[in-house]
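Me: Could you walk me through this structure, one feature at a time? I would like to learn how to read each kind of feature and then see the case here.

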Amino acid sequence: MKKIVSMITVLALALCFLGGCGNNSGGEESASGIKMYMTVSTADTFRQNLMNAAKEKAEAMGAELTTKDAEGSLENQITQIEEAVNQGYDVILCNPVDVDTALQLKLAAGELPIVFWNSCPADEYLEEDKYIFVGSNEEDAGRYQAEYILDKFSGKDSINVAIFEGQKLHSATLGRTNALKAALDDSGKTINYVFEDYADWDTDMAKNQFDLFLKTGQTADVAACNNDSMALGVIQSCEENKISFDDITIVGVDATEEGCAAIKEGKMEFTALQPAVGQGEHAIMAAARLAQGKSLKGMEYLDESSKYVWVPFEKVDNSNVAKY
């Protein structure tokens, strides 16, 4: 009898091991049956890549994910969030059109938890295990740009810098620009900001702005852009105006496919990978926990406040661009 019981115990343990005893194999959390609603302010290349990664992750975890583009309209975004509430979704993933409207977005969401992504509301609008942010620490991107610039121009006492910023109200614009300027200003070198304006993440706008800058007769040693799309605009302007890439250092952020290609071609020198895939996947993992009323404790990259999931940036230049 003891042998029979022993064999049953062994079989039970084996089945438990193979089946995960109620947990998902490989440590993957389940989101089976959960309805997720993702709203994006405007679906540019980076955000579309993030949404694609989120879609794949949601499917892998068994969740249903609906994505909608607010097309830059706060009114559209609030309507979309209200739609999520009325149609019985369990959690909202929101890339805010305007971070200053976070309270309005929360009110529209009612009792539903929100995972903010890509553009971060002020800390006062976030709450542990209810309203959280998933993204990358924008200050790191700006600081990495500054480190590259200062290393490149270590032998110069003075550097002429042109800065192309993203959207005025976007948290990435503030974080990247402020960190870049702080690091440059603290270097002990003379930093001349010969141009600084918002190009709204847009290639054509950055190109037109640099065209106008060149007409003033000024020169820039560096064009520091808040994203790769604007860097590509500066590159186009340089090509049309016969500016040698030996005479200007162009740096971006995001490590998009086009940005990495520009580095391989010697037109752009540096970018910082904002991991769209990593952000998309972690946004879904966080959303799954919030939808089930679970804590984010123990989640990868969660900070001490439990309100931020910081997926790290990675430095990219010609020494390692092939891997990206």
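**Strands and their neighbours**

Reply: Let's begin with strand β6 (residues 158–165): 7 of its 8 residues are buried, so β6 is largely enclosed by the rest of the structure. Buried means under 20% relative accessible area, exposed means over 50%, and partly exposed lies in between (1.4 Å probe, protein chains only). Helices (H or I, at least four residues) and strands (E, at least two) are DSSP runs, numbered from the N terminus. Please keep in mind that this is a predicted model, in which local features need pLDDT of at least 70 and side-chain atom pairs count only at pLDDT 80 or more, while totals for chains, interfaces and linings use all residues. Residues are numbered from 1 along each chain as its sequence is written, and side-chain values use heavy atoms, with hydrogens and water left out.

Me: Which strands pair with β6, and in which sense?

Reply: Two strands pair if DSSP finds at least two bridges between them. Strand β7 (residues 190–198) pairs with β6 in the parallel sense over 8 bridges, and Val 161 has Tyr 193 of β7 as its bridge partner. Between these strands the chain passes through helix α6 (residues 171–185), in a right-handed β-α-β crossover. Right-handed means that, with the strands pointing away from the viewer, the path from the first strand over the helix to the second runs clockwise. Strand β8 (residues 222–225) also pairs with β6 in the parallel sense, over 4 bridges, with Ile 163 opposite Ala 224.

Me: Which way do the residues of strand β4 (residues 114–117) point?

Reply: Ile 114 and Phe 116 point one way and Val 115 and Trp 117 the other way, and all are buried. β4 pairs in the parallel sense with strand β3 (residues 91–94) over 3 bridges, where Ile 92 is matched with Ile 114. β3, helix α4 (residues 102–109) and β4 form a right-handed β-α-β unit. Strand β5 (residues 131–135) runs parallel to β4 and is joined to β4 by 4 bridges; here Val 115 faces Ile 132.

Me: Now a charged residue. Is Glu 138 buried or exposed?

Reply: Glu 138 belongs to helix α5 (residues 138–152) and counts as buried because its relative accessibility is 8%. Contact means heavy atoms within 4.5 Å. Leaving out residues up to four places away in sequence, Glu 138 touches Asn 118, Ser 171, Ala 172, Gly 175, Arg 176, Gln 274 and Phe 313. A polar contact is a pair of N or O atoms within 3.5 Å; within protein, one must be able to donate a hydrogen and the other to accept it, and residues adjacent in sequence count only if both atoms are side-chain atoms. The side chains of Glu 138 and Arg 176 make such a contact at 2.7 Å.

Me: What does the side chain of Gln 145 do in helix α5?

Reply: A polar atom of the Gln 145 side chain lies 3.1 Å from the backbone oxygen of Gly 252. Gln 145 counts as buried, because its relative accessibility is 0%. Its contacts beyond four places in sequence include Leu 180, Ala 224 and Phe 270.

Me: How many cavities of 30 Å³ or more does a search of the whole structure find?

Reply: Rolling a probe the size of a water molecule over the atoms shows where empty space is left. On a 1 Å grid over the protein atoms alone, a cavity is a set of points where a 1.4 Å probe fits but cannot get out, and lining residues have an atom within 4 Å of a point. Grid points are joined across faces, edges and corners, and a volume is the space filled by probe spheres set on the points. The search finds 1 cavity of 30 Å³ or more; the largest cavity holds about 90 Å³ of space. Among its lining residues are Asp 44, Asn 118, His 170, Arg 176, Trp 201 and Gln 274. Helices α2 (45–61) and α6 each supply at least two residues of this lining.

Me: Which residues that are not glycine have a positive phi?

Reply: Lys 242 is one of them, with phi of about 60 degrees, and Ser 306 is another, with phi of about 65 degrees. Lys 242 sits in the loop between α8 (228–240) and β9 (249–251) and is exposed, with a relative accessible area of 73%. Ser 306 sits in the loop between α10 (276–291) and β11 (308–310) and is buried at 2% relative accessibility.

Terms used: On a 1 Å grid over the protein atoms alone, a cavity is a set of points where a 1.4 Å probe fits but cannot get out, and a pocket is an open set with protein on both sides within 12 Å along at least five of seven lines; lining residues have an atom within 4 Å of a point.
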